[in-house]
Amino acid sequence: MNEIAATRQPSGEVWFRGQADASWALVPRLLRSGISREQEKNMLTRFRYRAMGMLEYPPADNDPARWLFLMQHHGLPTRLLDWSESALAAVFFAVADKPDTDGCLYILVPMALNEQKVKQRVLLAPTSSPCSEIMWASFKGSKMPPKIVAISTYASNDRLARQRGTFTVHGITDDLCNIVASNVLRSIVIPSTLKRGLLEALAHLGITRTSLFHDLDALAWEMREQYDIS
């Protein structure tokens, strides 16, 4: 972490991700699922066709990024991996669940990732290469570019804005931890014994499930936790 902090990156140029289990790989849920490329294509296509009838303003057919952001938002596994510009939001996700398991906070320098992977020290637009090719390949089942890159995002929904959400998009199944340099990605293990105290401290700072998700499901979850109802 010290090497990353020492670069004095401006706000937004360091991203954070919290995982409730420190043993989990740093890989999108779709790529942990074991489904085939053909199944991936069929799942995304079926979701898109069926969702179009449920949305007042669906994304355009030629905008795979907005479709993938929407799918990720609603819980469909994609090649996107969630990150946040907020360290506090990321810590919440590391400590809010699995109270008896060590969590982990990851710290990523996204522009350094892109410099390592595509020789460009910038955040890549979803329409740029290789982002667009990875996204289209997801929908078409075509050849997948073997890259992992950090992309700029649209604040396409309230939750993404509240969580200051960002994404890496993954064209390969490798664990990100195993393929990047230490000046790009670092991690901090959070012992399970600290989780409850950190969760309470975050609540005092206004970081709660309701503040991050801002819906009735999150509110009901908070009430169950407050009154110790499983």
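Let's start with Ile229, which sits in the segment after helix H11 (216-226). Keep in mind that you're looking at a predicted model. Ile229 counts as exposed because its relative accessible area is 53%, and exposed means over 50%. From there we'll head to two helices, some aromatic rings and a loop.

**A patch on the surface**

- Ile229 isn't alone out there: together with Met223 and Tyr227, Ile229 makes a nonpolar surface patch.
- That patch covers about 330 Å².

**Helix H7 and what surrounds it**

- Is helix H7 (residues 131-140) mostly covered or mostly uncovered? It's mostly covered, with 7 of its 10 residues buried.
- The buried ones are Cys131, Ser132, Ile134, Met135, Ala137, Ser138 and Phe139.
- A mix of helices and strands does the covering, including helix H3 (37-52) and helix H4 (64-73).
- Strand E2 (80-84), strand E4 (148-151) and strand E5 (165-170) are also among the elements that cover the buried residues of H7.
- Take a look at Ser138, which is part of helix H7. Its relative accessibility is 1%, so Ser138 counts as buried, a label that means under 20%.
- Which residues does Ser138 touch, not counting those up to four places away in sequence? They are Arg37, Glu40, Lys41, Leu44, Arg79 and Met144.
- Here's a handy bit of background: an α-helix has 3.6 residues a turn, so residues three or four places apart point the same way.
- Over at Lys140, the charged end sits over the ring of Trp136, 4.8 Å from the ring's centre.
- Just after H7 comes Gly141, which takes a positive phi of about 70°.

**Aromatic pairs**

- How many aromatic pairs are there? The count comes to 2.
- One of them joins Phe69 and Phe167, and this pair is stacked: the rings are 5.1 Å apart centre to centre, with 25° between the planes.
- Why does this pair tie together parts that are 98 residues apart in sequence? Because Phe69 lies in helix H4 while Phe167 lies in strand E5.
- Phe69 is buried, with a relative accessible area of 1%, and Phe167 is buried too, at 2%.
- Phe92 and Phe93 form an edge-to-face pair, with 5.6 Å centre to centre and 85° between the planes.
- Phe92 has a relative accessibility of 4% and counts as buried, whereas Phe93, at 28%, counts as partly exposed.

**Helix H5 and what surrounds it**

- Phe92 shows up again in helix H5 (residues 87-95), where the buried residues are Ala89, Ala90, Val91, Phe92, Ala94 and Val95.
- Strands that help cover these buried residues include strand E1 (15-19), E2, strand E3 (103-108) and E6.
- Helices pitch in as well, among them helix H9 (192-204) and helix H10 (209-213).

**A loop residue with distant partners**

- Where is Thr173? You'll find Thr173 in the loop between E5 and strand E6 (185-190).
- Buried or exposed? Thr173 counts as exposed, with 56% relative accessibility.
- Thr173 and Pro28 are 145 residues apart along the chain, yet their C-alpha atoms are separated by 8.4 Å.
- Leaving aside neighbours within four places in sequence, Thr173 is in contact with Val27 and Leu31.

How values were computed
Residues numbered from 1 in each chain as written. Predicted model: local features only at pLDDT ≥ 70, side-chain atom pairs only at ≥ 80, totals over all residues. Heavy atoms only, no water. Patch = residues over 30% accessible without salt bridge, like charges linked within 9 Å, V, L, I, M, F, W, Y side chains within 5 Å. Areas by Shrake-Rupley, 256 points an atom, 1.4 Å probe, with all protein chains shown as cover. Salt bridge = Lys/Arg side-chain N within 4 Å of Asp/Glu carboxyl O. Helix = DSSP H or I, 4+ residues; strand = E, 2+ residues; numbered from the N terminus. Buried < 20%, exposed > 50% of the residue type's maximum accessible area, 1.4 Å probe, protein only. Contact = heavy atoms within 4.5 Å. Phe/Tyr/Trp six-rings, centres within 6.5 Å; stacked < 30°, edge-to-face > 60°. Lys NZ or Arg CZ within 6 Å of the ring centre and 35° of its normal.
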